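Trainee: Could you take me through the reading of a structure, starting with the backbone and going on to strands and empty space?

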Amino acid sequence: MMAGRTVTGWFLLFLALSTVAAHRQKRQDDEGEGEDESQSVDELCKDRPPDEYFRLTTSGDCRDVVRCTKAGMKQISCPSGLAFDIDKQTCDWKGKVTNCDKLDKPRKVLPILKTDEPVCPEGKLSCGNGECIEKELFCNDKPDCADESDENACSVETDPNRAPDCDPTQCILPDCFCSADGTRIPGNIEPNQVPQMITITFNGAVNVDNIDLYDEIFNGQRQNPNGCQIRGTFFMSHKYSNYAAVQELHRKGHEIAVFSLTHKDDPKYWTGGSYDDWLAEMAGGRLIIERFANITDGSIIGMRAPYLR
């Protein structure tokens with residue numbers, strides 16, 4: 001009887017040790033896989049812009065892409081019926097996307113701007129292929145390097161012809177102010193002590209399609225810190241406008257300005273328009289608003305160009 005118990009005890013001990021060893025081996029395998037996966041993420045994200053989306057595979061329905069973040073790779077999926085356009089970096093109708101076979105955007109060749117020893121004569125910089133060209137030719141919106149690398153490093157930080165850094169000892173208010181990232185406040189005022197200016201503007205015709213929305217926004221309950229009601233600026237176009245509604249907006253204290261007379265939807269018309277074209281569109285628009293909305297106080301002095309041309 002004792003021998004039977006001894007054999008059973010040894011068997012249970014062996015089984016327990018085997019189970020522990022198996023768990024230990026599995027944990028080591030899992031850790032190894034995690035290291036490989038981490039290395040794979042590092043390789044995929046090396047030298048890749050944080051705002052660039054790319055595919056992990058070309059199989060599937062062309063909807064899934066990822067981008068690199070500090071916390072790892074973040075995945076997004078386009079809605080059903082759409083596909084992700086790698087070149088445009090946006091979702092589009094599936095029939096319009098022709099690069100579902102691409103994993104990522106082609107990497108642009110960068111110029112060689114920083115080296116331990118000069119590689120080009122003074123006044124010249126190196127293209128990505130080692131060719132030397134004049135410094136002034138970089139970032140001029142015209143490729144001059146054979147590999148076009150002179151137009152591939154033109155951000156505020158990398159443009160070799162960028163303006164020199166602002167010198168706060170030379171740049172003094174009120175004539176000049178230094179703020180490299182745009183967040184420095186003149187006089188080192190605390191952010192919660194800086195007045196916030198908000199402008200509310202609208203483009204186009206005023207009519208039954210939007211007047212209810214304007215009434216909801218300017219309902220008298222939204223006020224400035226001084227107790228005055230908020231007001232907006234309406235850049236008017238003539239076509240489809242209800243001038244009785246425009247007159248009412250002006251009566252309530254809103255600013256009325258000109259957006260154009262015709263509001264043509266061809267950007268080239270506005271870019272290539274002559275002086276007479278612009279005069280007819282803007283001055284003509286003002287005269288029509290003054291007459292049909294009965295605005296006679298000469299307050300229509302502002303304008304906004306269609307397509308911001």
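**Backbone, sheet and empty space**

Mentor: This is a predicted model, and a good place to begin is N188, which is exposed, with a relative accessible area of 60%, because exposed here means over 50%. The place of N188 is in the loop between β6 and β7.

Trainee: What is the sign of phi at N188?

Mentor: Most residues other than glycine have a negative phi, and most peptide bonds are trans. N188, although not a glycine, has a positive phi of about 55°. E148 also departs from that pattern, with a positive phi of about 60° although it is not a glycine, and E148 is found in the loop between β6 and β7. E148 is partly exposed, with a relative accessible area of 44%. As for peptide bonds, the one from L173 to P174 is cis, with omega near 5°, and P174 lies in the loop between β6 (132-134) and β7.

Trainee: In what order do the strands of the open sheet of three strands stand?

Mentor: The order is β7-β8-β9, with parallel pairing. Since β7 (201-203) and β9 (255-260) stand at the edges and each has a single partner strand, one side of each is left without a neighbour in the sheet. Neighbouring strands are turned by 20° against each other on average, with direction ignored.

Trainee: How many bridges join β8 to β9, and which residue of β9 stands opposite F235?

Mentor: Strand β8 (residues 233-237) is joined to β9 by five bridges, the two running parallel, and F235 stands opposite A257 in β9. Helix α5 (residues 275-292) lies across β8 and β9, and runs at about 135° to β9.

Trainee: How should I read empty space, and which residues line the largest cavity?

Mentor: Rolling a probe the size of a water molecule over the atoms shows where empty space is left. A search of the whole structure finds one cavity of 30 Å³ or more, and about 30 Å³ of space lies in the largest cavity. Its lining consists of M236, S237, H238, Y243, S260, L261, G285, I288 and I289. The elements giving two or more residues to that lining are β8 and α5, and the largest share, three residues, comes from α5. By class, the lining has five nonpolar, four polar and no charged residues.

Trainee: Which classes of residue line the largest pocket?

Mentor: The lining of the largest pocket has three nonpolar, two polar and six charged residues, among them D47, E52, K105 and R107. About 420 Å³ of space lies in this pocket.

Key. Residues numbered from 1 in each chain as written. Predicted model: local features only at pLDDT ≥ 70, side-chain atom pairs only at ≥ 80, totals over all residues. Heavy atoms only, no water. 1 Å grid on protein atoms, 1.4 Å probe; cavity = no way out; pocket = protein on both sides within 12 Å on 5 of 7 lines; lining within 4 Å. Points joined across faces, edges and corners; volume = space filled by probe spheres on them. Nonpolar A, V, L, I, M, F, W, Y, C, P; charged D, E, K, R; others polar. Pairing = 2+ DSSP bridges. Helix = DSSP H or I, 4+ residues; strand = E, 2+ residues; numbered from the N terminus. Axes fitted to C-alpha atoms, helices over the stretch in contact; angles between N-to-C directions. Contact = heavy atoms within 4.5 Å. Buried < 20%, exposed > 50% of the residue type's maximum accessible area, 1.4 Å probe, protein only.
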